[in-house]
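Student: I should like a close look at one part of this model, namely its charged side chains and how they are paired.

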Amino acid sequence: MHKWIMFILVTAAALLGIYLLGFGMPEKPIDESESLPEGTRIMSIVAKTDFTFGEAEYTAKVGEKIIFKLEDKVRVHGVGIDELSVDLNKDNNKQEVELTEPGEYEIYCNIPCGAGHVTMKSKLIITAE
């Protein structure tokens, strides 16, 4: 009796392993920054389910080209930076901007997303070189 149970468990584990190797393994993440031109970088802004962004402050320097990238797993948030004309959402989650003026800019959720929407803010600080 114990031999049959062990045989079934080993067989099931082997079949699961074969399935995961063939179909279920996630792809390796692609490092998008490797193919970017000099002076350009990606700034990922993570929108969280607790109505916050990944960081309270994001920093950059005048002269940089930034590709703003919205990372939102639940797809109900957006990103707006009015002074830089940044408008990201689930359908348009990347936008390239060349930073020309130093200053502090408000990052906010530009899609009404629920009870914490009005406080869903962060800051972009652009410093002179």
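How many salt bridges does a search of the whole structure find?

Tutor: The model is predicted, so local features are described only at pLDDT of at least 70 and side-chain atom pairs only at pLDDT 80 or more, whereas totals for chains, interfaces and linings use all residues. Residues are numbered from 1 along each chain as its sequence is written, and side-chain values use heavy atoms, without hydrogens or water.

The search of the whole structure yields 4 salt bridges, the term meaning a side-chain nitrogen of Lys or Arg within 4 Å of a carboxyl oxygen of Asp or Glu. One of them joins E57 to K123, with an N to O distance of 4.0 Å. Because E57 belongs to strand 2 and K123 to strand 8 (residues 121-127), this pair ties together parts that are 66 residues apart in sequence. Strands here are DSSP runs of E of at least two residues, and helices are runs of H or I of at least four, both numbered from the N terminus. E57 is partly exposed, at 40% relative accessible area, and K123 is also partly exposed, at 30%. The classes are buried (under 20%), exposed (over 50%) and partly exposed in between, with a 1.4 Å probe and protein chains only.

K123 has a salt bridge with E104 as well, in which the closest N and O atoms are 3.5 Å apart. Here too distant parts of the chain are linked, since E104 is in strand 7 (residues 103-108) and K123 in strand 8, 19 residues apart. E104 is exposed, its relative accessible area being 55%.

Strands 7 and 8 are linked again by K121 and E106, whose side chains form a salt bridge at 3.6 Å, N to O. K121 lies in strand 8 and E106 in strand 7, 15 residues apart. Both ends are partly exposed: K121 has a relative accessibility of 45%, and E106 has 40%. Through shared partners, salt bridges join E57, E104 and K123 into one network.

An unpaired charge offers a contrast. D72 is buried yet has no salt bridge, and the nearest side chain of opposite charge, that of R75, is 7.1 Å away; Lys and Arg count as positive, Asp and Glu as negative, while His and the chain ends are not counted. D72 sits in the loop between strand 3 (65-71) and strand 4 (79-81). Its side chain has polar partners in the backbone instead: the nitrogen of V76 is reached at 2.9 Å, and the nitrogen of V74 lies 3.4 Å from a polar atom of that side chain. Such a polar contact is a pair of N or O atoms within 3.5 Å; within protein, one must be able to donate a hydrogen and the other to accept it, and residues adjacent in sequence count only if both atoms are side-chain atoms. Beyond neighbours within four places in sequence, D72 is in contact (heavy atoms within 4.5 Å) with A47 and H77.

R75 occupies the loop between strand 3 and strand 4 and is partly exposed at 48% relative accessibility. Most residues other than glycine have a negative phi. R75, however, has a positive phi of about 60 degrees although it is not a glycine.
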